[in-house]
Amino acid sequence: MKHKVRLKDMAKPAEVLCPLAVTDLDPVPGYEERPFKQVKPEWKEKYDLSLDGFSALALTPPATKEAEEELVNKFLRGLEKLFTKENNWTFMQPTALSTDYCVRCNTCNEACPVYVESGRQDIYRPNYRSELLRKIYQRYFTTEGRLLGSFVGADVELNWRTIYRLAELTYRCTICRRCAATCPVGVDNGLMNRELRKLFSQELGIASEGVHKGGTMRHLQTGSSTGMTPAAFLDTIEFIEDDIEERIGRRIKIPIDKKGADILLIHNAGEFVSWPENPAAFAILLDAAGIDWTLSSESMGYEGVNYGTWYDDFQFARVAVAQVQAAKKLGVRRIVVGECGHATKALVEIADRVCVGDLAIPREGCLPLLEQIVTSGAIKFDPSKNNFPITLHDPCNMVRLMGIVSPQRNVLKAITPPGCFREMPNAGVMNYCCGGGSGFAVMNSMNFPEWRDSVASRMKAKQVLEAFSDCLDPSIPKYYCAPCSNCKGAARDALMEYYGFRDKYNIIYGGLVELMVNAMVDIEKPFVSWEDEF
Amino acid sequence: MGETFSWLIAGPFMYLAVIIFVAVTLKKVVTIASMPRHLRWDLYPIAHEGPAGSVFQKVEFWKQPRAVHLAYELAEMAEEIFLLKRTFLYNRKMWNFSYPMHAGFYLIIGWIGLVKFGALLELIVGLKVSGASTVFWAQALNAATILAGAAGLVLGLFGCLGLLWMRYTDEDLKDFSSPVTFLNLYLLIALFGVGLVAWLVEDPSFVLARGYVASLYVFKPAVLPPIMTFEALLLGIFLIYLPFSRMLHFAAKYFFYHNIMWDDEPLVAGGSLDKTIGGYLHFKAEWSAPHLKSGGSWLEQATTNPAKPKEEGK
């Protein structure tokens, strides 16, 4: 059922403005929906769940009129700062243009998987939150808004409900920017969503706990968003060396803190914790290819993530600068970011205009390097070892937002037999987000994961089913290749656990390097295994 | 009285409208262009990179010469401007009306150009642009002017009426359509509609329009018949209003594409971008969340670690 929620309704009292139920959602073929879990009574009492019945932020309503006034005033002060160059040189131009020149054609709506899969609920339109921002900005900061009010659209009341619902709403968008790619004018609702998150974080101190407190702040405190200290990192590397020995029958010494190396490889630290086979595969490949590389044990130097990318310019800058400083300390020639989409985009591209002066050290993503390893002939690959259906997920950050489209495909074509690799619908720059983007994969508070898995990842589930539609029989093992740590997190939580693809269809997920090592002639035992997964 | 009114509208008011349109549009464009250089926020494919695609696909891409093929960028922009490519691909229902409306604008702009050219010919070389002319290209110019004007008015009116119908009947669009959205459409409908009536009733060969433009060139504004006077009034209002409205997206669009989505200029140590950004780092930021340093510059903020344990006694 579609719930009609007008923009003006955001300010109105309602227990839940858009009460989402699984029956609202667009069906996934072969999947039997389970009703959403009941919200705990204590959550209802304590927290604001009045947007859609879910909460990513666990916000407590203001207790007094004064507290509400302070909240409203702070929000307005933050909103004003988005439009001043001193406070927001980083994104002022795109923000101002997206505020002034949207023609309200709604073209962006159908591009958004969250909107479509939710049964086209109004509140999830990509331009819904941007339009709220515009209306509030008009009402309080423009002459025409003050004079003409609702005639020019400045008709949204600003109260704590509007602010809290808007805050929650910013965590219903994966910032995949598929909407921006379809906008005839160039309005970027993904950016506007991030600007709103930024306002909440930088002015009101409101952010997802998984992204801010348990993410960036822990990153800055311990050296890694996972909480892995440099000493723990060294222990993990030893464990990975043992694992490699067990898998391939010989020990590889992973280079750590090698001064003056050609490459400093920076992984998403989640790989060390959740998917150590990925850094292991990198180590095997780089060693076999004879590449001069190293990892860093310096605090921040072994962690590629930058959660500020999703919500806070200052947090972003702090992490990016610290990462590059770690590389400079080692005197490496270049940084290569491992299989992590947002880390690649953050450090290689966005940080390009933060790391000025002597911090402008060369940085690149790993996919071109992997392609070079394949095409150089330094390693012999036997494609027949990857004789199973494989589909490829295009991480938004590396593909639509950086244009890295062909290297991963060239690698797959070289290491798989003909007919095994199949594209999923909308492959390439118009791919759909895995559902874990913008920090969703690390946000696990309250009942948010249920919303994430059921709504944000739903389109990806459909794409995977379509890609494997000719071989869904569980007797055929299948591989969902997602060369991004966040995307793998979403695959684990949504595709494998929520939708049950592993049990039902015998689909496993993993990165690109695992498939490369699996195809290496010199390695006898399969590196990719379905048996381990069951 | 009627003639005086017509002269005031067709003369001083029209000059004023054109001056305001140009001045405000320029001011807005300069304001946008002088906003600070933002962080990179690319969206691919970037047209000027050509068929090779993103430079990030290459190993050690910073060693490659930066690909900026103007022809590809112009081709993509032309598709977007003249065919409304993205609307065609992603919102066909709206394209069915938006395209005729935009085509109407382009044809009317073309018509204005032809009328101005014809007026200049008449003024400078004394050649009469007319269907009865014995000079072939004067005949051709006359035919092209009539065709562009008539087609522009019909298409523009059709497109605007269609868009108005969509805004009234599409429930999803309704909530995103404030009264000013409807005002914009009504103004355009009036502009195209009255223009169409004026053409049919008062000036089927655009002889009066050409003569009127010639009179503006020599600062002796002509008096127009009633419907054309009304059309001049509407045109003047439209020109004054346009740069203050979101219809200025025709100019803003260039910045959206060229300066935001397709701004892939890399930062080179010691280069001008490096210096520009370096200057921004001295801006004082006034955000006040607990993890930020109040009153600190961007550089101080970027090098502050709020999670670092505080030293004892401090």
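Guide: Contact here means heavy atoms within 4.5 Å, and with that idea in hand we can read the packing of this structure, which is a predicted model.

Visitor: Which residues does Phe501(A) touch, leaving out residues up to four places away in sequence?

Guide: Setting those sequence neighbours aside, Phe501(A) touches Ala461(A), Val464(A) and Leu465(A), together with Leu495(A), Met496(A), Asn506(A) and Ile507(A). Phe501(A) is also one of the residues that touch the most other members of the largest nonpolar core, alongside Phe75(A), Leu370(A), Trp451(A) and Met516(A).

Visitor: How many residues are in the largest nonpolar core, and which helix gives the most to this core?

Guide: The largest nonpolar core holds 221 residues, and helix 15 of chain A, residues 313–330, gives the most to this core, with 8 residues. Apart from it lies another core of 47 residues, which includes Cys105(A) as well as Leu163(B), Ile189(B) and Val194(B).

Visitor: Is helix 8 of chain A largely enclosed or left open, and why?

Guide: A residue counts as buried when its relative accessible area is under 20%. In helix 8 of chain A, residues 160–170, 10 of the 11 residues are buried, so this helix is largely enclosed by the rest of the structure. Among the buried residues are Trp160(A), Tyr164(A), Arg165(A) and Glu168(A), and what covers the buried residues of helix 8 includes helix 2 (65–81), helix 6 and helix 10 (189–204) of chain A.

Visitor: How is empty space found, and where is it left?

Guide: Rolling a probe the size of a water molecule over the atoms shows where empty space is left. In this structure, a search of the whole finds 5 cavities of 30 Å³ or more, and the largest cavity contains about 170 Å³ of space. Of the 20 residues that line the largest cavity, Thr174(A), Ile175(A), Trp310(A), Asn397(A) and Ser438(A) are the closest to its centre.

Visitor: Where does the largest cavity lie with respect to domain 1 and domain 2 of chain A?

Guide: Domain 1 (7–206) and domain 2 (216–518) of chain A both give residues to the lining, so the largest cavity lies between them. Helix 16 of chain A supplies the largest share of that lining, 3 residues, and by class the lining has 10 nonpolar, 9 polar and 1 charged residues.

Visitor: What lines the second largest cavity?

Guide: The second largest cavity, with a volume of about 120 Å³, is lined by 16 residues, and those nearest its centre are Cys112(A), Cys173(A), Thr174(A), Ile175(A) and Cys176(A). By class, its lining divides into 10 nonpolar, 2 polar and 4 charged residues.

Notes: Residues are numbered from 1 along each chain as its sequence is written. Chains are lettered from A and ligands numbered from 1 in the order in which they are written. This is a predicted model: local features need pLDDT of at least 70, side-chain atom pairs count only at pLDDT 80 or more; totals for chains, interfaces and linings use all residues. Side-chain values use heavy atoms; hydrogens and water are left out. On a 1 Å grid over the protein atoms alone, a cavity is a set of points where a 1.4 Å probe fits but cannot get out, and a pocket is an open set with protein on both sides within 12 Å along at least five of seven lines; lining residues have an atom within 4 Å of a point. Grid points are joined across faces, edges and corners, and a volume is the space filled by probe spheres set on the points. Helices (H or I, at least four residues) and strands (E, at least two) are DSSP runs, numbered from the N terminus. Ala, Val, Leu, Ile, Met, Phe, Trp, Tyr, Cys and Pro count as nonpolar, Asp, Glu, Lys and Arg as charged, and the others, Gly among them, as polar. Domain bounds come from an automatic or database domain assignment. A nonpolar core is a set of buried Ala, Val, Leu, Ile, Met, Phe, Trp, Tyr and Cys residues joined through side-chain atoms within 4.5 Å. Buried means under 20% relative accessible area, exposed over 50%, partly exposed in between (1.4 Å probe, protein chains only).
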